[in-house]
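Visitor: Hi, I'm new to this one. Can you walk me through a couple of pieces of it?
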Amino acid sequence: MKQTLLASMIALSALAAPAFAAAPAGLDLVQPISDYKIYVTEEVGKLVSETQAFTDAVKAGDLATAKKLYAPTRVHYEAIEPIAELFSDLDASIDSRVDDHEQGVTAEDFTGFHRIEYGLFDQNTTKGYEGFADQLVKDVKDLQARIDGLTFPPEKVVGGAAALLEEVAATKVTGEEDRYSHTDLYDFQGNVDGARKIVDLFRPQIEKQDKAFVAKVDKNFATVETILAKYKTKDGGFETYDKVKERDRKAMIGPVNTLAEDLSTLRGKLGLN
Amino acid sequence: MTDTRDLPSPERRRVLFGLGAAGAALAGGGLGCPMLAQANEGKVTEAPKSERTEDRHAYEGVHQAGIVTPRPAAGMVVAFDVLANDRADLERLFRTLDERIRFLTQGGPVENLDPKLPPPDSGILGPVVSPDNLTVTVSVGASLFDDRYGLEAVKPRRLSRMVGFPNDALEEDRCHGDLSLQFCSNTPDTNIHALRDIIKALPDLLFVRWKQEGSVPPQAPTKPGELAQNARNFLGFRDGSANPDSTDTQAMDRLVWVQPGSDEPAWAAHGSYQAVRVIRNFVERWDRTPLQEQESIFGRRKASGAPMQGGDEFTLPDYSNDPQGKLTRLDAHIRLANPRTPGSEANLILRRPFNYSNGVNKNGQLDMGLLFICYQADLEQGFITVQRRLNGEPLEEYLKPTGGGYFFTLPGVRDAEDFIGRALLLATPHSNTTT
């Protein structure tokens, strides 16, 4: 039992230093948040115009063009997901996946990008998807209007960096987001860009709190971005997810999970509730 | 764990089990056999009572805990891919594992951070972690000795990637791994708490490959003078009756622990080979099989666990007067596994299995079976030889191994300066291990 006691003491002493984050006095978050709103506004603008072109192709029966536009259009949604997700009704309508529906592809409320993806890439047709195309344009325009009128909550903006990495860790690493088109790397990049943007905008404030933290986050972003860059195609797009080498997939998991852990402390570091 | 090994047996049992009649009866909470009078008292959501939450195994010792230490009610094996980029990362992995397991197995208050930050502990055991008999046993797979970390030259000689046996239907994503952790404790929640702690501490170095939980049913305490019986598996038979005596240190040195001066790399001394198999049982079909057939397939009586010749669970099976297999079939499970012929004692393994139940298959049949875990000093002489003898046994009709892997369980952590895996890192010439 002596040894047991000793071991308990070792365990206790290891915990001796409670690392309370320094109270961040006088951090000005107004500027980065307004800059972030500009970024989101630009992205949602692109989302609306590109969705228009994408859905026009679907309605015109131009399968090849529709397939080509599917992934690059979605990227704009993936990049602003922390804000877009605040409108859960639209998020479900625009971006729900087949797994979210008990009845699968036959579910009436399975609409949006992934419903059309199923038609284009699995069924190899645009026929019958005109209604989903109309609905999608209507939804992204609605999203644009709502974002326009939104006062951005600071904790949602800062917390968005972690939320985007959670998206990557949960659905992008496995390649189950775009299961019919296998264009997951576009979404992957969109999430990473969106998170990177938030970190960049708040960089001066975070560095004031914890310089080493910023360096570590930068290093992990760089690792992920370097691997993603290996799969870029000449036209600015990405290879399909099945081309990703197992070794690269594994090499991204560590940095992605570490980013998710580290960015989860961002709100606290900036003194947000 | 070695300190408890040196204690006289009753003392060890008291330390490890915190036994008392009431404690034993209530131990395991909902899993136990509560006395009726007490079962009727208390409010619905009151936590089940256990007097064993403070049971702990010493972390330091010649051997790791969780092998010859008694098997508690809840077990779990988790296999990981190691994501370390280089040797320095690998050392950080082992050092962090060491620090976390040291804390988790000894217990204590969790760290408090600014509430604006995510809490460092999941909190599922409350603000003070109780050890609850937890052991976390660290083993490494053959793939850790590939070209990534410069460990090729010191791979344990008998460590290999598990190859399917004829009756196996291995699923790739439930097999193998660079590293395995075996969690054993009194409750599944304690194992889960430890796993989540380790995952949170090592996001950049470990990736969960597969995980299998299991349990063994607690029994009423034995009366004085009675031998403790082995737990039953999901086929209803007692499992482990012929296990070598894990309290016999000489037998364990011979059968379980790699010895200094053997043909294994020197660093591997006091380690062991771990074989894990996720073996599905076709329980519906088994339950539709006549009792006498079940018994002849196993070679034991179902109710008592006695061999076919009679006696009780601990009567040694004797095949000397039964060369034709009239009493115990020649292909009965226990006769193939341990024929008790001259020389076959070299193939004895130390079994430490748990029952698992995972849900339902598409056909509506239950997905359950045995999380088979065994330890041996020589993997080829041990599990692989035994399993080869079992190939084609009649029991196979009711079994389908689907996962698992072979691992080498690292030697124990000697003292506060040592850390798990240090001997392995120091064993290679270009080691940059800092201790």
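Guide: Sure, let's start with one facing pair: Ser139(B) stands opposite Ser180(B) in strand E5 of chain B. This is a predicted model, where local features need pLDDT of at least 70, side-chain atom pairs count only at pLDDT 80 or more, and totals for chains, interfaces and linings use all residues. Residues are numbered from 1 along each chain as its sequence is written, chains are lettered from A and ligands numbered from 1 in the order written, and side-chain values use heavy atoms, leaving out hydrogens and water.

Visitor: How do E4(B) and E5(B) pair?
Guide: Antiparallel, over six bridges, with E4(B) covering residues 135–141. Strands are DSSP runs of E, at least two residues, and helices are runs of H or I, at least four, numbered from the N terminus. Two strands pair if DSSP finds at least two bridges between them.

Visitor: And how many bridges join E1(B) to E5(B)?
Guide: Seven, and those two also run antiparallel. Val78(B) stands opposite Leu181(B) there.

Visitor: Why is E5(B) largely enclosed?
Guide: Seven of its seven residues, 179–185, are buried, so the rest of the structure largely encloses E5(B). Buried means under 20% relative accessible area (1.4 Å probe, protein chains only).

Visitor: Switching topic: which residues of H11(B) are buried?
Guide: In that helix, residues 380–390, they are Gly382(B), Phe383(B), Ile384(B), Val386(B), Gln387(B) and Leu390(B). Seen down the axis of H11(B), they fall within an arc of 155°, so they line one face. That arc is taken from the directions from the helix axis to the C-beta atoms.

Visitor: What follows H11(B)?
Guide: Gly392(B), with a positive phi near 85°.

Methods: Buried < 20%, exposed > 50% of the residue type's maximum accessible area, 1.4 Å probe, protein only.
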